[in-house]
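User: I've got a model open and I'd like to learn how to read it feature by feature. Can you walk me through it?

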Amino acid sequence: MTRYIVRRLLIAIPTLIAISLVIFTILALAPGDPLSDLALNPAVPPEVQQRLRASMGLDDPVPVRYVRWASSLAQGDFGYSFQTRSPVSDLLVQRLPTTIMVVGSAYIVAVLIAIPIGVISSVKQYSVFDNVATTLAFVGFSLPTFFTGLLFILLFSVKFGDWGLPTLPSVYRSTVDGEGLEALWNRVRMMIMPIAVLGMFQAAVLTRYTRAAMLETIHQDYVRTARAKGLSSRVVVFRHALRNALIPVVTIIALGIPTIFTGAVVTEQIFRVPGIGALLITSIQNNDTPVVMAITFIFSILVVFFNLIADIMYGVLDPRIKYE
Amino acid sequence: MSEASTTAEGGSLKDLGTLRAKKPRSLWSDAFRQFRHHKLAMAGAIVLVTFILMVIFGPMLYSGPIRGIDFSIGYESPSLQYPMGTTHEGHDIFARIMWGGRISIAVGIAAMLVGITIGTTIGATAGYFGGFVDSALMRFTDLFISLPVLPLLLLIIYLFRDTMRDNFGILMGNFILIVVVIGALAWMPVARLVRASFLSIKEKEYIEAAHCIGAKTSSIMLRHIMPNVMSPIIVAATLAVAQAIITESTLSFLGLGFPPDVPTWGRMLNDAADFVAIHPVMVIFPGAAIFLTVLSINYVGDGLRDALDPHRTV
């Protein structure tokens, strides 16, 4: 097992290098230039522009630039933002906690909803509950998050106010009014909608997987044997069927984490959550290349890392899988 | 299957003649028969066909202001004159949805074609030739799976948008760029699926027989193996259309898809985001259009999956 993990880690490194190459190539091939704003500025003479370009290494050949970028990246140096002039890592440290908070809570909510519903659905296959749950899951994953987000704002921030009900704030602010418990409550109120929107979508996807995985195990011979032995249906479902059904579900949960992070890009945009996704959008619009590259690369690291976790968990949870 | 065999068993010998005279049932007619039993899939298909007809012919039959600004007819609620109301700038939402639907649905289908073509080609090549070709192509596929799709899409579209617009015009340039990029980042599951099917089918005896009679590699791949891989590809293709429509809407919603004067559904929602409180119809109708289209396509895909699976005969 240890050898497998080490080997898997070693495969992850060339993958990351390849991804960094892809990202860098896209930027190198792209027309446009981080200093294009400067070129339009009549106050800066061409010689100064040339010197600036040279000092930033923009005239070096692409491979040289790649090596320089990749080696400082490997040391954790993401460079400086063109826009704010501060280190990119500072910006990331500032923004990441909010995103992790929203994404993390959304994912926990999704798992807590999806697994029980998936299990009940499969145990009572074709019942009213199952039909309702399957339909809702289908609807849930056909509803794009930007539409649900706007609908939520319409319902909970606007209509609830019209009906005299307590409303939820539609815009996330980094500062909250009040102190102590009141501040905490205000913070929670701001987070409910972003978390609900992200969580609902993920829950729909996970419910479908849980149900399918449970249906597969529940019809297996050893489950029938367990029933035939006279075990109570609770023991059969939870101890015999669910534990095996969870193997693929757990891997799907791990694989879904990077997706929910990219899903945060949309949610943060709707609710103006000052997280890493919102930073990505503003940086793209401001031509802030270092920040864009750093965030894109962080998302790639997330994908590679959770792929690795999923693989390893599969091995740990399922002793039938042999690694040579 | 059940229908034919019970008559043959139950009836006398002379019935056999009439049985043989019946038109033979093909895989596709069986699949269609099966599909018709899936009520939600049929409903999805009907909604989808209606939508497609509406976006093709709708703009010829119904026209309203979709560009330009006329504040005098802004913020209209749904009425006989404007079935879905008007936007803050006085655009007819119904007319915009039909125009935008053309683009949204066209992007979905075109991106699906790009993705399916790349995926099938790579998967078939890897599965059929095996060995070094296979491992190289699969490594390549793994690499693409590890790419963060949404950030990359945003980045590529942002960087290349102006060049494409200058070369192909504002609509075509954006269309080509969005379609190619969505397709190029969505082919991986198809490649894996096709490869797996090719791996198992190429070992079958009838393929060996085809080799023996001297069939060319291309004809074995296209005429002998491909037809047997079609069902999973069709299902994947259907679902890919839905996925591509969502992706395009997401891009447009984030302001990085089509420009403002091209009213795709996502773009309309982008414009509407600031007017949720004042004029909700601007959000509800385009959002519902995306939702219903995607939902119907997903149900059709679900129905096709069941119908094309030979193990499931009702």
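User: Let's start with Arg272(A): what does 49% relative accessibility count as?

Analyst: First, a caution: this is a predicted model. The general idea is that a residue is exposed over 50% and buried under 20%, with partly exposed in between. At 49%, Arg272(A) therefore counts as partly exposed.

User: And which residue does Arg272(A) form a salt bridge with?

Analyst: For salt bridges, look for a Lys or Arg nitrogen within 4 Å of an Asp or Glu carboxyl oxygen. Here the partner is Asp274(B), with 3.6 Å between the closest N and O atoms. Asp274(B) has a relative accessible area of 54%, so this residue is exposed.

User: How many salt bridges cross the interface of chain B and chain A?

Analyst: The rule finds one across that interface. You can add two residue pairs in polar contact between the chains, both at pLDDT 80 or more.

User: How do I read the rest of the interface?

Analyst: Ask who takes part, how much area is buried and what kind of atoms bury it. The contact takes 43 residues from chain A and 39 from chain B. Together the two chains bury about 3600 Å², and 83% of that is on carbon and sulfur atoms.

User: Which helix of chain B gives the largest share of the side that touches chain A?

Analyst: Helix 13 of chain B does, with 11 residues. By character, the residues on that side of chain B divide into 30 nonpolar, six polar and three charged.

User: Let's move to salt bridges in general. How many does a search of the whole structure find?

Analyst: The search gives 12 over all chains. Once you have such a pair, check where its two ends sit. Take Arg211(A) and Asp130(A), whose side chains meet at 2.8 Å, N to O. Arg211(A) belongs to helix 8 (residues 180–218) of chain A and Asp130(A) to helix 6 (residues 128–142) of chain A, so the salt bridge ties together parts 81 residues apart in sequence.

User: Are Arg211(A) and Asp130(A) buried or exposed?

Analyst: Arg211(A) counts as buried at 17% relative accessibility. Asp130(A) counts as buried too, at 1%.

User: What would a salt bridge inside one helix look like?

Analyst: Try Asp271(B) and Arg267(B), where the closest N and O atoms are 3.5 Å apart. Both lie in helix 12 of chain B, four residues apart, or about one turn of the helix. Arg267(B) has 10% relative accessibility and counts as buried.

User: Which residues are linked with Arg267(B) in a network of salt bridges?

Analyst: Follow the shared residues from pair to pair. The network links Arg267(B) with Arg96(B) and Asp271(B).

User: Now the aromatics. How many aromatic pairs are there over all chains?

Analyst: The whole-structure search finds 15. To read one, check the distance between ring centres and the angle between planes. Phe24(A) and Tyr66(A) are edge-to-face, with 5.4 Å centre to centre and 75° between the planes. Phe24(A) lies in helix 1 of chain A and Tyr66(A) in helix 4 (residues 62–74) of chain A, so this pair ties together parts 42 residues apart in sequence. Both Phe24(A) and Tyr66(A) are buried.

User: Why is the pair of Trp69(A) and Phe297(A) edge-to-face?

Analyst: The angle decides: planes over 60 degrees apart count as edge-to-face. Trp69(A) and Phe297(A) have planes at 75°, so the pair is edge-to-face, with ring centres 6.1 Å apart. This pair links distant parts of the chain, with Trp69(A) in helix 4 and Phe297(A) in helix 12 (residues 289–317) of chain A, 228 residues apart. Trp69(A) counts as buried at 15% relative accessibility, and so does Phe297(A) at 8%.

User: Which residues do ring pairs link into a cluster with Trp69(A)?

Analyst: Phe24(A), Tyr66(A) and Phe297(A) are linked with Trp69(A) in that cluster.

User: One last residue: where is Arg8(A) found, and which residues does Arg8(A) touch?

Analyst: Arg8(A) is in helix 1 (residues 2–29) of chain A. With a relative accessible area of 16%, Arg8(A) is buried. Leaving out residues up to four places away in sequence, Arg8(A) touches Asn307(A), Leu308(A) and Asp311(A).

Technical notes: Residues numbered from 1 in each chain as written. Chains lettered and ligands numbered in written order. Predicted model: local features only at pLDDT ≥ 70, side-chain atom pairs only at ≥ 80, totals over all residues. Heavy atoms only, no water. Contact = heavy atoms within 4.5 Å. Buried area = accessible area lost by both parts, 1.4 Å probe. Polar contact = N/O pair within 3.5 Å; in protein donor to acceptor, adjacent residues only side chain to side chain. Helix = DSSP H or I, 4+ residues; strand = E, 2+ residues; numbered from the N terminus. Nonpolar A, V, L, I, M, F, W, Y, C, P; charged D, E, K, R; others polar. Buried < 20%, exposed > 50% of the residue type's maximum accessible area, 1.4 Å probe, protein only. Phe/Tyr/Trp six-rings, centres within 6.5 Å; stacked < 30°, edge-to-face > 60°.
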